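Me: Please put the model up, and then we will go through it by question and answer.

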Amino acid sequence: MACIEARGLRKAFKNTVALDGVDLTIEPGRIVGLIGPNGAGKSTALQAILGLTAYQGELKVLDLGPWTARDQLMSEVCFIADVAVLPRWMRVWQALDYVAGVHPRFDRAKAEGFLARTSIRKTSRVRELSKGMVTQLHLALVMAIDARLLVLDEPTLGLDLLYRKAFYDSLLNDYFDGDRTILVTTHQVEEVQHILTDVVFLDRGRVVLDCSMEAFEARYVELLAAPEHLTAARTFRPIHERQLFGRSLLIFDGADRDRLATLGELRNPSLADVFVALVGGPQ
Amino acid sequence: MSALPWTRVLYWSVRRELWEHRAVLMAPAVIGAVALVGALLSTFRLPAALRSLEAGSAKDGDMLMASYSFMALAVLLTGLLVAAFYSLGALQGERRDRSLLFWKSLPVSDRMTVLSKAAVPLVVTPVVTFAVIFAAQLLMLVWSTAVTVANGISPAVLWKHADLTTMWVVLPYGLIVNALWQAPVFAWFLLVSAWARRTPILWALAPFAIPAILEGLAFRTSHIGGFIGERLLGGFAQAFSVDGKAEAAIDNIGQVAPLRVLAQPDLWLGFLFAAVFLAAAIWLRRRREPN
């Protein structure tokens, strides 16, 4: 059974179409990056998956329809939005008590263990914590839940470098076990690239790329072309070309690496570069 | 996977409401304490009043009860006010501070959430109101008894006129009827709270206040205003009226007729509206996104 299965997922608002027929299958045990510019429909897609918004088309998350069974689904799905959603009046011990009270799969001792590694005090209110600490608290709560799917929507927005790095480190070391599925959207693509197993590019409500990271790395290659070979390199039909420090960078989709290697320096392109190659720069 | 019993989820849902809105517990307690201090101070006149009662005066008997009734009324109105403001903000605040996304990330249904919020004005406030009134009156009675004995008067005189046992039996009944009677009011407040982006108090009152004003200007009558006033504050009149019809007040406690009160069509019409309002609030909470 797929963790998330979407067929022809559509969502239109008054003036815009946020999701325009999205087909998507996410298997269990994957760490999937949902990448796209502002307004690509990422948040709408996540909201649909979490049962926060109605949609047209077919959508099953852990075999449940999110819109009709949100409360049931949420015992096996966790969700961290950007940092501002923990209630500001709440004290840390109250958050622990409450989640322990209403969540059947929450392991309180585990959450306290995570918190013990931070400088968060149990008597503090959320509003007294720094942004980074609020995220640590939310992550501690979520990691103590034995869930099958974790959805992260810009989880590290507004955090400094150290917190961002620590966030993904503890996610990988303390949470991800190969069975769970993580779906993450972020603008800091370069930070998540190395942890993803799969990537989905979304642009104007449509999926423009959906593949595993191995497939991604096998498919796309970037050539730092030697100036004398530029014309030759262009005959391999690059999907994108740009200038960097006076030299040409070309991105190829499925080109012959051995022959390209004779024309300059090859390397793996970043997700961001391929994204720009596929959908163009800011419109 | 074993789901948690709904009673446990309800318990923690209500508990979290009380963490956030401490005034629901604190305001009646504080007002009760203040009223109690006032009542305790007034006991300097108690010995004189008891002596004139002993001597056969009748009017001081009612005066003895007055402090107790005043404390009860102060706590009751405070509870009503806090419950009203609570209900108006309960479903709006979570959208305003975006904590809605946190609550919705937990396995708690919209129905459970809305019903737990409705339980605050309809169950928690009446219970708190009774507990505070009971405690304040008990302390007042103990102190008054001490003052009476210290002045060499038999406490039997005090106890005969300040007969609180009836009050303590009848008050819970009145609070229950009052809560049932007010159910549509608080359900309406919750519905407006789920719907209004800002100033829910205006949206909650305007649909009634504007017609009431127009009626007053056009016909010089006040049927709408009277209807609203009765719904807001008429619960006790309903509970303690002959045949439960809120037409004539009873003159002794033996006339209380709980079953007749519960059989009133007006009460059931209120339940119907309350159910519709709450269902609409649940529907809205499911669809509303953070402001």
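Me: Which residue in β2(A) stands opposite A:Glu5?
Reply: This is a predicted model, where local features need pLDDT of at least 70, side-chain atom pairs count only at pLDDT 80 or more, and totals for chains, interfaces and linings use all residues. Residues are numbered from 1 along each chain as its sequence is written. Strand β1 of chain A (residues 4–12) runs antiparallel to β2(A) and is joined to it by 7 bridges; strands are DSSP runs (E, at least two), numbered from the N terminus, and two of them pair if DSSP finds at least two bridges between them. Opposite A:Glu5 in β2(A) is A:Thr25.

Me: Which strands of chain A stand at the edges of the sheet, each with a single partner strand?
Reply: The open sheet has 3 strands in the order β2-β1-β4, with antiparallel pairing. One side of each edge strand is left without a neighbour in the sheet, because each has a single partner: these are β2 (17–26) and β4 (56–61) of chain A.

Me: How much area do chain B and chain A bury between them?
Reply: In contact (heavy atoms within 4.5 Å) are 28 residues of chain B and 34 of chain A. Buried area is the accessible area (1.4 Å probe) that two parts lose on being put together, summed over both. Carbon and sulfur atoms carry 64% of the total, which is about 2,900 Å².

Me: Which residue of chain B forms a salt bridge with A:Arg70?
Reply: A salt bridge needs a side-chain nitrogen of Lys or Arg within 4 Å of a carboxyl oxygen of Asp or Glu. The count between the two chains is 1. The closest N and O atoms are 3.4 Å apart, and the partner of A:Arg70 is B:Asp110.

Key. Chains are lettered from A and ligands numbered from 1 in the order in which they are written. Side-chain values use heavy atoms; hydrogens and water are left out. Helices (H or I, at least four residues) and strands (E, at least two) are DSSP runs, numbered from the N terminus.
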